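Student: I would like to go through this structure and ask what stands behind each label. Please set the values against the definitions.

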Amino acid sequence: MSHDELFDTLAAYRAGDLDPDEQAEAERLLREDPRAAEAWSELLAIESGLRAFGNRELRTRLQTIHEANHPTRVVSLVSRRWILGVSLAAALALLLLFAPWQTRRSDFHLQHRAESSPAQPHELRELAEALARQRPDYLDGTSPQGQTYLRQLSTGAYQPVIDALGGRAPAAANDAEALALGIAYLQAGDATRALPYLQALHARGSSRVMADWYLSLAYILDNQVEQARPLLENLYASQPTHPRRQAAGQLLERFPPKEFE
Amino acid sequence: MERLTDQELLDRLQASVEQQQNEALSFLDRHCYKPVERWILNNSGSRADARDTFQDGIIILFRKVREPSFQLTGSLQSYLTSICRKRWLKRLSSRKVIPVGEIFDQHQAGTIPEEEAWLEENERDNLLIRLIGQLKTECRSILLLTYYERMRTREIIKIMNISNEQVARNKRNKCMNSLREMIQQHPHMKENLR
């Protein structure tokens with residue numbers, strides 16, 4: 001039996017489509033034929049991907065249900081305005097009159113952060129540092145060379161990437177190189193050097209899905225927190241299946257208030 | 001829909017119709033989320049932690065009750081709460097924070113089987129997710145119903161309006177082969193799957 005035939009047999013076995021004799025034969029193959037074990041591991045890997053896909057779809061459904069069941073602060077504020085009516089409007093007018101510096105909080109903060117405890121800047125940085133050290137995702141469409149760099153970075157080997165590419169100017173680095181260098185410098189704890197590469201990617205509109213995530217971490221670690229905010233908010237709001245969406249939400253919860261801009 | 005019994009909840013969670021599943025998921029979200037959130041807030045967590053943990057808990061519960069071998073032996077709401085507590089304790093222990101009531105809760109949570117592997121994802125899965133997203137909708141559905149929902153072919157033909165089981169098997173094979181071809185064309189994936 002070829003690898004493909006073995007795979008088809010085991011896929012049917014996994015789907016519960018074999019009769020008892022065929023099941024017994026599939027189980028014998030799994031016990032005795034090393035090539036069957038290879039086909040089985042391929043099948044399980046694909047099943048793992050399907051499970052991850054299914055879980056993400058389920059998360060999106062759960063998020064929708066949760067938001068419908070637990071209206072956020074935006075709604076409750078609106079309700080209170082209706083209840084309090086003129087007095088609240090007057091208070092708001094006074095506030096605007098005497099506090100022209102007061103800006104509206106971002107949507108994320110209205111929805112998710114309004115009841116959180118005061119921000120701790122060092123916690124925000126610590127979290128960003130930890131997230132920057134996480135293994136990067138492989139990016140679909142990344143060039144083979146870009147994948148090589150990302151593979152190195154996924155093992156924490158940022159120095160060889162910096163050694164290989166560190167001489168490239170941000171404008172001269174291609175997308176894969178710029179992303180690899182941005183992540184490598186972040187992993188090395190040098191956000192200032194990471195920034196120009198990630199900013200270049202952002203400006204080009206290339207690899208935005210992951211590049212903006214790392215750019216937001218670089219801004220936080222470079223003490224430019226307010227530059228990170230819109231990137232994270234956009235990621236959180238518009239990309240429900242982004243692998244770092246939950247982490248973006250965690251970061252935003254720890255952001256300092258925006259009142260004193 | 002004010003109140004559902006455990007059996008009604010279970011029937012809906014096990015249903016193949018998404019609307020019925022959503023009714024049960026919504027019921028659990030309305031009745032169990034706040035207690036879980038309070039508990040997590042009292043145990044070194046944030047609201048974001050509560051939302052993530054609760055979502056993980058519901059996914060574990062949803063997957064568990066849809067296993068053919070699942071038998072209802074107690075309250076589904078208590079079961080969900082226990083899963084969430086266990087999940088949060090695990091995350092806390094990775095942060096090395098000792099929560100209030102840890103000994104009691106770990107004892108209680110210890111009765112929950114280990115299904116957390118359902119939630120694990122790795123880099124390969126991230127890329128597979130993108131490739132699966134590129135499949136035709138019908139292909140994606142039949143593969144997900146088979147290998148994620150663990151449905152038998154006789155159930156799938158009803159949901160997908162397919163004429164008979166053999167047609168469904170042929171479709172599934174064709175779709176699986178399309179996905180495998182996409183994987184083979186991706187250099188990094190190919191070496192990771194063999």
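Tutor: A disulfide is a pair of cysteine sulfur atoms within 2.5 Å. B:Cys139 and B:Cys175 are joined by one, with 2.2 Å from S to S. Before going on, note that this is a predicted model, in which local features need pLDDT of at least 70, side-chain atom pairs count only at pLDDT 80 or more, and totals for chains, interfaces and linings use all residues. Residues are numbered from 1 along each chain as its sequence is written, chains are lettered from A and ligands numbered from 1 in the order in which they are written, and side-chain values use heavy atoms, with hydrogens and water left out.

Student: What makes the disulfide of B:Cys139 and B:Cys175 left-handed?

Tutor: The torsion about its S-S bond is about -75°, so the disulfide is left-handed. B:Cys139 is in helix α7 of chain B and B:Cys175 in helix α9 of chain B, so the bond ties together parts 36 residues apart in sequence. Helices here are DSSP runs of H or I with at least four residues, strands are runs of E with at least two, and both are numbered from the N terminus. Over all chains, the structure holds 1 disulfide.

Student: Why is B:Cys32 not bonded to B:Cys84?

Tutor: The sulfur of B:Cys32 has its closest cysteine sulfur in B:Cys84, 7.9 Å away, which is too far for a bond. B:Cys84 is accordingly in no disulfide.

Student: How do you know whether B:Cys32 is buried or exposed?

Tutor: Buried means under 20% relative accessible area, exposed over 50%, and partly exposed in between (1.4 Å probe, protein chains only). B:Cys32 has 3%, so this residue is buried. B:Cys84, at 1%, is buried because of its low value too. The disulfide partners B:Cys139 and B:Cys175 are both buried as well.

Student: What makes α6(B) mostly covered?

Tutor: Of the 11 residues of α6(B), 8 are buried. Among them are B:Glu123, B:Asp125 and B:Leu128.

Student: How many residues does each chain give to the contact between chain B and chain A?

Tutor: Contact means heavy atoms within 4.5 Å. Chain B gives 60 residues and chain A gives 51. The area buried between the two chains is about 5,400 Å², with 50% of that from carbon and sulfur atoms. Buried area is the accessible area (1.4 Å probe) that two parts lose on being put together, summed over both. On the chain B side, B:Glu123, B:Tyr147 and B:Arg180 lose the most area to chain A, together 13% of what that side buries.

Student: Why is the pair A:Glu47 and B:Arg150 called a salt bridge?

Tutor: A salt bridge needs a side-chain nitrogen of Lys or Arg within 4 Å of a carboxyl oxygen of Asp or Glu. The closest N and O atoms of A:Glu47 and B:Arg150 are 3.4 Å apart, so the pair meets the rule. The rule finds 7 salt bridges across this interface.

Student: Which element gives the largest share of the side of chain B that touches chain A?

Tutor: That element is α3(B), with 11 residues. The residues of this side divide into 22 nonpolar, 14 polar and 24 charged. Ala, Val, Leu, Ile, Met, Phe, Trp, Tyr, Cys and Pro count as nonpolar, Asp, Glu, Lys and Arg as charged, and the others, Gly among them, as polar.

Student: What makes the link between A:Asp222 and A:Thr192 a polar contact?

Tutor: A polar contact is a pair of N or O atoms within 3.5 Å; within protein, one must be able to donate a hydrogen and the other to accept it, and residues adjacent in sequence count only if both atoms are side-chain atoms. The side chains of A:Asp222 and A:Thr192 are joined at 2.8 Å, so the distance satisfies the limit. A:Asp222 is in the loop between α12 (208–221) and α13 (225–238) of chain A.

Student: What is notable about phi of A:Asn223?

Tutor: Most residues other than glycine have a negative phi. Phi of A:Asn223 is near 60°, a positive value in a residue other than glycine. A:Asn223 lies in the loop between α12 and α13 of chain A and, at 61% relative accessibility, counts as exposed. B:Asn161 also has a positive phi, about 60°, and is exposed at 71% relative accessible area.
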